[in-house]
Amino acid sequence: MSADVRPIAESELPDWLRTVNTGFLNTARLTDADVAMRAKHNDFARTQGAFDPDTGRCVAAFRSFAQELTVPGGAAVPSTAISNVGVLPTHRRQGLLTRMMAAEFAAAGARGDVLATLIAAEYPIYGRYGFGPATSLAEWEIDVPRTGLDRRLSAPADGGRIDLVDEAEVRQVGPELHERLRARTPGAVNRNERWWNMATGLQEISYRPYREKFFAVYRTAAGEVAGLVAYRADDHWTDAKVPQNTVQVHDLLALTPQAERALWQFLCSIDWVLKVRTGYRAPDDLVPQLLPDPRSARIVTAADFLWVRVLDVVRALGARTYEAPGELVLEVTDAAGPAAGRYRLDAGTGTCERTGAAADLRLDVSALGSLYLGDESAVRLAALGRVTEERPGAVALADAVFRTARRPWCPDIF
Ligand SMILES: CC(C)(COP(=O)(O)OP(=O)(O)OC[C@H]1O[C@@H](n2cnc3c(N)ncnc32)[C@H](O)[C@@H]1OP(=O)(O)O)[C@@H](O)C(=O)NCCC(=O)NCCS
């Protein structure tokens, strides 16, 4: 008999959480407080488990929650964010993830979600379900003495100011700053109160205790909060008593290039600090070019980050703006879901409708997910055989229409 896949009851949460942790190779013992905190924030209708018919034990876990994803042009698109996916090693490769994903897509369709999103633990898992990598990340390590920055500077040169603040002040100013930033950042997702509470230690999981950070806020000359950085430093000295500390940035939000410049310069001016690791930024982040010697910033991590699965093509393509006018008929294949069909996109008006007209381009829904936020190039996907051109010039037009001048960036892992 096959496992029973269904939403879990609240009483099954400890068993379900243990399954998630086992999937992630985490042996931590859950406390009652861990379970209670999760229960408080959990949507049980959207929390699936698979239960072994013989033992009744939870053997697979899957959860989703409502999310807003900013798309080019600034619209916040209703999405279902998928998280906490784990199957016990004793029950893997029996189709349990496939069944839970199918149930999620059916529920998402009934709710009217336009997209599904996730951060993939491993690249090969989610393409088969129609997801495509839609944003990329880069992390730089800055060799501070090489930057050429004047370390005698003690305040931003633009008349703004930087103040170190405590967690309580971060909870006051952070959410509004982030809301303003995400409205102008394609790829960004909403944060809730729990996010800020976890990031500032007001809430914590017993096996992932909060570790104190430093926080600094940048205010413009007019007194407006326009930037925030959260960072930690290690404690590294040579035997000869020379400080060699590294700052690791955990979150850096900046509304303007001036705020970005001020915060990076601040981090690179801290005494004892020889290296600054930037945390995950967009690959076209300004940070190297904000330094007098951009080569002092070296990329140490580059990878795919947010994966997007288009569920409702008409609403998804109608929600974003385009970089150039032009009309394209897209033939979308979708073995596992509801996106299959032929669609006419008018990029000039930003509208999309189903059509019976001849296709200009053929592509799988996973390729559409990769094009959707403007990060991927249709020309590249065509070279890889993932987009097929039916009308000469259609691939180049798709590139001009979909690809954005600045690359999307998702600051959050979920
Ligand atoms: C990844 C995981 C959730 C897959 O669950 P599962 O129930 O074994 O998946 P399914 O049996 O439904 O697999 C469906 C297909 O995907 C393939 N697949 C699943 N996981 C894969 C992986 N990690 N790499 C490559 N292929 C994978 C299967 O081989 C199967 O292919 P097939 O239909 O051609 O045979 C599970 O292996 C797991 O819990 N891994 C550890 C935790 C983890 O990585 N979680 C994901 C967090 S984002």
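A polar contact is a pair of N or O atoms within 3.5 Å. In this predicted model, the side chain of T98 meets that limit, because one of its N or O atoms is 2.7 Å from an oxygen atom of the ligand. Two further residues place polar side-chain atoms at the ligand: E122 at 3.1 Å from a nitrogen atom, and R128 at 3.0 Å from an oxygen atom. Of the 900 Å² of accessible area that the ligand has on its own, the protein covers 72%.

The shell around the ligand consists of 20 residues, of which V85, V87, R93, G95 and T98 are the closest. By class, the shell contains 11 nonpolar, five polar and four charged residues. Strand β4 (76-87) and helix α3 (96-111) each contribute at least two residues to this shell.

An open sheet is built from five strands with mixed pairing, in the order β17-β16-β15-β18-β19. Its edges are formed by β17 (351-354) and β19 (387-389), each of which pairs on one side only. On average, and with direction ignored, neighbouring strands of the sheet are turned by 25° against each other. Within the sheet, β15 (residues 327-333) and β16 (residues 341-346) are antiparallel and share six bridges; R344 in β16 is the bridge partner of V329.

Two helices that pack on the sheet are described here. Helix α8 (residues 365-372) touches β15 and β18 (361-364), and its direction makes about 100° with that of β18. Helix α10 (residues 394-402) touches β15, β16, β18 and β19, and its direction makes about 100° with that of β15.

Technical notes: Residues numbered from 1 in each chain as written. Predicted model: local features only at pLDDT ≥ 70, side-chain atom pairs only at ≥ 80, totals over all residues. Heavy atoms only, no water. Near = heavy atom within 4 Å. Polar contact = N/O pair within 3.5 Å; in protein donor to acceptor, adjacent residues only side chain to side chain. Areas by Shrake-Rupley, 256 points an atom, 1.4 Å probe, with all protein chains shown as cover. Helix = DSSP H or I, 4+ residues; strand = E, 2+ residues; numbered from the N terminus. Nonpolar A, V, L, I, M, F, W, Y, C, P; charged D, E, K, R; others polar. Pairing = 2+ DSSP bridges. Axes fitted to C-alpha atoms, helices over the stretch in contact; angles between N-to-C directions. Contact = heavy atoms within 4.5 Å.
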